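Here are my notes on this structure, written as numbered points. Please keep the model open while you read.

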Amino acid sequence: MPKYYEDKEPDNRACAGIREDFKACLLQHECVVKEGKLPSQCLKEGHCKALQTSFFECKRSLLDTRSRFRGRKGY
């Protein structure tokens, strides 16, 4: 479920909700916070994999030519 904040500017880019949740997951993960690793290193280790996959699927749906007929997925 995307997180929405009242005091924040609205992000009108595609997949904004998943992008924000993915970013928050990485930055708040103990791999980054306690171990002091970079988020890119934690991604390679497989952390936040479900959100990474969801974000990839959302971005891929933007490039899918079939979406012209079906419409964009509601993320």
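1. Start with the bond between Cys 15 and Cys 58. The torsion about their S-S bond is about -95°, so this disulfide is left-handed. The two sulfur atoms lie 1.8 Å apart. The link spans distant parts of the chain: Cys 15 sits in the segment before helix 1, Cys 58 sits in helix 4, and 43 residues separate them. Both Cys 15 and Cys 58 are buried.

2. Keep in mind that this is a predicted model. The mean pLDDT of the protein is 81. A value of 70 or more is reached by 76% of the residues. Among the elements, helix 1 has the highest mean pLDDT, 91. Helix 5, residues 67-70, has the lowest, 63. Where pLDDT is low, the predicted coordinates should not be read in detail.

3. How many disulfides does the structure hold? It holds three. A disulfide is a covalent bond between the sulfur atoms of two cysteines. Number the bonded cysteines in sequence order, and the pairing reads 1-6, 2-5, 3-4. Trace that pattern on the sequence as you go through the next two points.

4. Cys 25 and Cys 48 form another disulfide, with sulfur atoms 2.0 Å apart. The angle about the S-S bond is -90°, and the link is left-handed. Cys 25 lies in helix 1, and Cys 48 lies in the loop between helix 3 (39-44) and helix 4, so the pair ties together parts that are 23 residues apart in sequence. Are these two cysteines buried or partly exposed? Cys 25 is partly exposed, because its relative accessible area is 25% and buried means under 20%. Cys 48 is buried, because its value is 11%.

5. Cys 31 and Cys 42 also form a disulfide, and their sulfur atoms are 2.0 Å apart. The torsion about this S-S bond is about -95°, so the bond is left-handed. This pair links distant parts of the chain too: Cys 31 is in helix 2 (residues 30-33), Cys 42 is in helix 3, and they are 11 residues apart. Cys 31 is buried, because its relative accessible area is 2%. Cys 42 is buried as well, with a value of 0%.

6. Now look at the inside. Which residues make up the largest nonpolar core? It has seven: Cys 15, Ile 18, Phe 22, Leu 26, Cys 48, Phe 55 and Cys 58. Helix 1 (16-28) and helix 4 (49-63) each supply at least two residues of this core. The largest share, three residues, comes from helix 1. In soluble globular proteins, nonpolar side chains tend to be buried together. Cys 15 and Cys 58 belong to this core, and they are also joined by a disulfide.

7. Next come the charged side chains. Side chains of opposite charge can pair when their charged atoms come close. The count comes to three salt bridges. In helix 4, Arg 60 forms one with Glu 57, the closest N and O atoms being 2.8 Å apart. Both residues lie in helix 4, three residues apart, about one turn of the helix. Arg 60 is partly exposed, with a relative accessible area of 46%. Glu 57 also counts as partly exposed, at 25%.

8. Which residues are joined into one network by salt bridges that share partners? They are Glu 35, Lys 37 and Glu 45. Glu 35 meets Lys 37 at 3.4 Å, N to O. Lys 37 meets Glu 45 at 2.6 Å, N to O. Lys 37 takes part in both of these bridges. Lys 37 is partly exposed, with a relative accessible area of 27%. Glu 45 is partly exposed too, at 42%.

9. A last look at helix 4. Helix 4 holds Cys 58, whose disulfide partner is Cys 15 in the segment before helix 1. Helix 4 also holds the salt-bridge partners Arg 60 and Glu 57. Cys 58 is buried, whereas Arg 60 is partly exposed. Find these three residues on the model, and compare where their side chains sit.

Key: Residues numbered from 1 in each chain as written. Predicted model: local features only at pLDDT ≥ 70, side-chain atom pairs only at ≥ 80, totals over all residues. Heavy atoms only, no water. Core = buried A, V, L, I, M, F, W, Y, C linked by side-chain atoms within 4.5 Å. Buried < 20%, exposed > 50% of the residue type's maximum accessible area, 1.4 Å probe, protein only. Helix = DSSP H or I, 4+ residues; strand = E, 2+ residues; numbered from the N terminus. pLDDT = per-residue confidence, 0-100. Disulfide = S-S within 2.5 Å. Salt bridge = Lys/Arg side-chain N within 4 Å of Asp/Glu carboxyl O.
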